[in-house]
Amino acid sequence: MPHAPEANEKIHDLSDGWNVTDGRHSAALPVPGDVHSALLDAGIISDPYWRDTETALDWVHETEWTATKFFDLAAKDDAPWTLSFDGIDCAADVWLNGVLLGQVQNRFLRQDFDAGDALVAGENCLKVVFHSNSKTAERMAAASDYPVPYIKWNNRLAHYNFLRKPQCDAGWDWNIALSPLGLCGPVTLKRSTLARLDDVMVRQHHAPDGKVTLELDLHYTAFAPGLVETDLTCDRKTVRHEAQVWPGNGKTRATLTIDKPELWWPAGHGRQHLYDLKLRFGTEHRTLRIGLRQVELVTDPDDTGHRFLFRVNGREIFMRGANWIPADALPARATPEAVRDLLTSAVEANMNMIRVWGGGQYEPDWFYDMCSELGLMVWQDFMFACNLYPAHDREWLDSVRLEARQQIRRLSPQPCMALWCGDNEVIGALSWFEESKANRDHYVAVYARLNAVLEEAIAEAEPDVAFWPSSPSVGRLDFGDGWHDDSAGDMHFWDVWHSSKDFEHYRTVRPRFCSEFGFQSFPSNRIIASFTEEEDRNVSSRVMDVHQRNPGGNSRIVETLARYFRFPDRFEDMTWLSQVSQALAMKTAIEFWRSSKPRTMGTLYWQLNDTWPVASWSSLEYGGGWKLTHYLARKFNAPVLVTAQPDETSGEIVLWAINDTTESVNLHVTACRVSMTGTITDIGAWACHCPTDRAVEVARIPLGLIKDDEFLNFSWQDADGSHIGDNDYLPRRPKDYRFADPKIHVEDEGESIALTCDLPALFVTLDHGGSDVWSDNGFTLLPGIPKVVHRIRARGGIHGDRQIRHLGSK
């Protein structure tokens, strides 16, 4: 067939100039953006995060809103014109010049509409009519053939499991329930002739000789038969071919081999080298930033059960990280600048993986670009969490199928992608509801339909990363209880928080990979001041309860303080001490599990960030400030770590060395006893060769050697004598020590702060709730040993509470 000539492609960006109204209130609507933020910017509503404002704004999500955009088109011909929305949240009708182009009900789909018949030369009027998300959910639930339960104790708004939008928009045990609606990405109008490029699926094939072949499936919509020229360029090499297209949907494949590739590595294991992959399909041009790496999920059987670990470029890597939730409950505030700050903080805390949790959203392209640049691998959930779902509905399931196809293809170029996971805790949810407990077979069958659609989408796309059916899970087609099985699969371990167990309970399990666990704290006093009046600053006030979404959460924080620490006199000290408690919980869990390497090969704590100012499990409070947990994460996530763990059988304290770097290291470890009176007594020094594949025992210290008023302090140096790190172990709970009142001398030079003391001080905090990032915080200060702390990143220069706090101080 002769080649059909291509006219120049025309793309019109329609993202600017939108306005939204409900007939009474009107505001400019930025794109991407949401109605709540637009109304807030226009002064129509007050800050949803202030005190208990939330429910007073329910009228916003209960109302129908119309977003309107006028645009001019100089000329209009009979060529195909496509109107595309990167995302519409969530139930809406799309109108162009009075013509209904389509109805949408899936926030996670790119929507492409044939706009040709409705377009006119001159002025055009584009409207998106948003139906109430909450009312739509109620209608869908009422129309269901059988009950589809949702977690009422977690969601203030009902039946959002019927909606394809972020599930946490209905609430959750850390989120405000605003149910935002709006336009989530660019709006474009594109003129095509022969064919339109829709999606690109990228795969990598790594050969034994080191060569990497890029395989691209180009998914298109053709409007006429013909030939389309395609070019693929990468690493100064170009391949060309012609694709025969026929009207309708189709795909063509293009390949390119890179002979001497430079590989992409996760943070801490090598460079994050990126290539520009340039693609031409007819007159359409795209540039994809890719990294060349091979990621494998290893689940081989072993003596314990089955391994669960990630192998990258042939190297088995321990994954250290946290769970990611949406960056803000108001989508307009989740800017690239705010997100980059959060992700940078993750890397600064020695993380190499985040899990994009299934109750949130598939993040925009630039989010994954940042992860790829920073070396943060992404465990990506499909967007299902903690509820049961209406997978009996064919139309609903077909929408999910298309959603999965689009998202798998969209994220396939990203080297940060490590795993696709079917859902979060949906298997566990089968045992949470009376309906599913009474008829489990029925609900398992419906769940299997959903999981099969996702697995089929993976099988169809053949991405170069693995699929895992659910989290937690022990493996494919296993619908049993994987929550308490630490012999295989990934594990969520919530007994310490939800069952009020002691921190030491973390040491009763050795997960193969713990993808969720956590402990709460209050935000800093600076953040609390941002949403409270003075009268609200009491742990049992109504406003503090509103900003705690987990039932009984504040009581559990306070009860734990009484279990481990002497109770503080002031509210301001309680908020700080809650962060000490949270940090101690995470230190206990992660250091123990890291000492179990290679049985355990990953720890992703819950959670990295907050969506609004709230008491939660996050280590970065709302706005990105570092809680004490995040400062301690720099240490317990350090690539080379020495930790002390009790051996209950022998009555000894065992020092373990862990090395997650690329090469084995030789360490010199020294330990001492430190008394509350300031006496430091050497215990011993040991040389240790630490390989990369396992934790190794350094020494055993009889517990009886450490007196009641003493704790263990130890440090380690490399073969050149350079200091690498230091750590503590308290044989008793902090409240059982009689902490003295040390005199701490502080010299503040602005960019550095020097501290010295006459008596030991633990969890010394010099900037509680500040914006800037310091080289250390929440550290141990030993008598006569100076400590210098440097500002390593300025984040706006807002100081928090610069009162020096430590255990034992009032």
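**Exercise 1. Find the residue of β3 that stands opposite Trp18, and describe how β2 is paired on its two sides.**

Solution. Trp18 stands opposite Leu29 in β3, where helices (H or I, at least four residues) and strands (E, at least two) are DSSP runs numbered from the N terminus. This is a predicted model, in which local features need pLDDT of at least 70 and side-chain atom pairs count only at pLDDT 80 or more, while totals for chains, interfaces and linings use all residues. Residues are numbered from 1 along each chain as its sequence is written, and side-chain values use heavy atoms, with hydrogens and water left out.

Next, look at the strands themselves: β2 (residues 18–21) and β3 (residues 26–29) run antiparallel and are joined by four bridges, and two strands count as paired if DSSP finds at least two bridges between them. The two strands form a hairpin with four residues between them, and Gly23 in the turn has a positive phi of about 100°. Strand β2 also pairs with β5 (residues 65–73), again in the antiparallel sense, over three bridges, and here Thr21 has Thr66 as its bridge partner.

**Exercise 2. Sort the residues of β2 into a covered and an uncovered face.**

Solution. Start from the general rule that in a regular strand the side chains alternate between the two faces of the sheet. In β2, Trp18 and Val20 make up the covered face, whereas Asn19 and Thr21 make up the uncovered one.

**Exercise 3. Give the strand order of the open sheet that contains β6 and β13, and name its edge strands.**

Solution. The four strands of this open sheet follow the order β1-β13-β6-β10, with antiparallel pairing. Its edge strands are β1 (10–13) and β10 (111–114), each of which pairs on one side only. From one strand to the next the twist averages 20°. Within the sheet, β6 (residues 81–85) and β13 (residues 187–191) are paired over five bridges, and Ser84 stands opposite Thr188 in β13.

**Exercise 4. Decide whether Leu450 of helix α9 is buried or exposed, and describe its surroundings.**

Solution. First place the residue: Leu450 lies in α9, a helix of 22 residues (440–461) that reaches 31 Å from its first C-alpha to its last, close to the 32 Å expected at 1.5 Å a residue, where the expected span is 1.5 Å times one less than the number of residues. Leu450 is buried because its relative accessible area is 4%, and buried means under 20%, exposed over 50% and partly exposed in between, with a 1.4 Å probe and protein chains only. Leaving aside neighbours within four places in sequence, Leu450 is in contact (heavy atoms within 4.5 Å) with Phe384, Tyr389, Ala391, Trp396, Leu397 and Val400. Other buried residues of α9 include Tyr447 and Leu454, and the elements that the buried residues pack against include α6 (394–411) and β14 (195–206).

**Exercise 5. Describe how the axes of α13 and α14 cross.**

Solution. The axes of α13 (residues 553–564) and α14 (residues 571–594) come within 10 Å and cross at roughly 75°, the axes being lines fitted to C-alpha atoms over the stretch in contact, with angles from 0 to 180 degrees between N-to-C directions. The two helices are therefore roughly perpendicular to each other, since angles under 35 degrees count as roughly parallel, over 145 as roughly antiparallel, 65 to 115 as roughly perpendicular and the rest as oblique. Among the residues that make the contact are Ile557 and Leu561 of α13 and Leu577 and Leu584 of α14.
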